[in-house]
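User: Please take a close look at one part of this model. Start with a single contact and work outward from there.

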Amino acid sequence: ELHITDNMHERKKMMFDRSDAFIVLPGGLGTLDETMEMMTWAQLSLHKKPIVLINYKGFWSPLLELIKHVTDDGFASQEHADLLTVVDTAEEAMAYLDSYGKK
């Protein structure tokens, strides 16, 4: 399906409304924006949908270090950092999501 939206906010709202979970692949600034917003919405208890980051070949390692830095300096709790589940492959992401509802 092709969905054309007028702006990024509308895109994120549509993505949120149509999803049961979020899988983050390597990407650019839009992907960063979407990921942080979904984490923030989860932090604010606006959803309990899983957020799974695929750190393929270490692509997101600098972001993970930044999140650790923010947490270590007290600007976020470990609980909030743990809203993001990190895996290395798409297969691991799918296995995690398959087991998510069975916990």
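Analyst: **A charged side chain over a ring**

Lys-49 sits over the face of Phe-16, 3.9 Å from the ring centre. The model is predicted, so every value here is computed from predicted atoms.

Start with the ring. Phe-16 is buried, because its relative accessible area is 14% and the cut-off for burial is under 20%. It also belongs to an aromatic cluster, together with Phe-22 and Trp-41.

How many aromatic pairs does the structure hold? There are 4. In one of them, the ring centres of Phe-16 and Phe-22 are 6.3 Å apart and the planes meet at 15°, so this pair is stacked: the angle falls under 30 degrees. Phe-22 is buried, at a relative accessible area of 6%. Another pair joins Tyr-96 and Tyr-100, with 5.8 Å between centres and 55° between planes, which makes it tilted. These two tyrosines lie 4 residues apart in helix 5 (residues 90–100), so about one helical turn separates them. Tyr-96 is buried at 18% relative accessible area, whereas Tyr-100 is partly exposed at 32%.

Helix 5 also carries Met-94. Is Met-94 buried or partly exposed? It is partly exposed, because its relative accessible area of 44% falls between 20% and 50%. Met-94 joins Ile-23 and Leu-25 in a nonpolar patch on the surface. Together the three have about 270 Å² of accessible area.

Now the interior. The largest nonpolar core has 14 residues. Met-38, Ile-51, Leu-53 and Leu-84 touch the most other members. Which elements supply at least two residues each? They are strand 1 (22–24), helix 2 (29–43), strand 2 (51–54) and helix 3 (61–72). Helix 2 gives the most, with 4 residues.

Charges come next. Side chains of opposite charge can pair when their charged atoms come close. The structure has 6 salt bridges. One of them joins Lys-12 and Asp-33, 2.8 Å from N to O. It links distant parts of the chain, with Lys-12 in helix 1 (residues 8–18), Asp-33 in helix 2, and their positions 21 residues apart. Lys-12 has a second partner. Its side chain meets Glu-37 in a salt bridge of 2.3 Å, N to O. Here too the pair spans distant parts of the chain: Lys-12 in helix 1 and Glu-37 in helix 2 are 25 residues apart. Lys-12, Asp-33 and Glu-37 are thus named together as a salt-bridge network.

How covered are the members of that network? Lys-12 is buried, at 7% relative accessibility. Glu-37 is buried as well, since its 17% relative accessible area is under the 20% cut-off. Asp-33 is partly exposed at 31%.

Helix 1 holds another salt bridge, between Asp-17 and Lys-13. The closest N and O atoms are 2.9 Å apart. The two residues are 4 apart in the sequence, about one turn of the helix. Asp-17 is partly exposed at 47% relative accessibility. Lys-13 is partly exposed too, at 39%.

Finish with the loops. Ser-45 lies in the loop between helix 2 and strand 2. It has a positive phi of about 65°, although it is not a glycine. At 58% relative accessibility, Ser-45 counts as exposed, because the cut-off is over 50%. Lys-57 is in the loop between strand 2 and helix 3. It also has a positive phi without being a glycine, here about 50°. Lys-57 is exposed, at 73% relative accessibility.

A third loop, between helix 3 and helix 4 (78–81), contains Ser-77. Is Ser-77 buried or partly exposed? At 29% relative accessibility it is partly exposed. How far is Ser-77 from Gln-43? They are 34 residues apart in sequence and 9.9 Å apart in space, C-alpha to C-alpha.

Back to the starting point. Lys-49 lies over the face of Phe-16, Phe-16 stacks with Phe-22, and those two rings share a cluster with Trp-41.

Methods:
Residues are numbered from 1 along each chain as its sequence is written. This is a predicted model: local features need pLDDT of at least 70, side-chain atom pairs count only at pLDDT 80 or more; totals for chains, interfaces and linings use all residues. Side-chain values use heavy atoms; hydrogens and water are left out. Rings of Phe, Tyr and Trp (its six-membered ring) pair if their centres lie within 6.5 Å; planes under 30 degrees apart count as stacked, over 60 as edge-to-face and the rest as tilted. Buried means under 20% relative accessible area, exposed over 50%, partly exposed in between (1.4 Å probe, protein chains only). A charge sits over a ring if NZ of Lys or CZ of Arg is within 6 Å of the ring centre and within 35 degrees of the ring normal. Patches are made of residues with over 30% relative accessible area and no salt bridge: like charges are joined within 9 Å, nonpolar side chains (Val, Leu, Ile, Met, Phe, Trp, Tyr) within 5 Å. Accessible areas come from the Shrake-Rupley method with a 1.4 Å probe; for residues, only the protein chains shown count as cover. A salt bridge is a side-chain nitrogen of Lys or Arg within 4 Å of a carboxyl oxygen of Asp or Glu. A nonpolar core is a set of buried Ala, Val, Leu, Ile, Met, Phe, Trp, Tyr and Cys residues joined through side-chain atoms within 4.5 Å.
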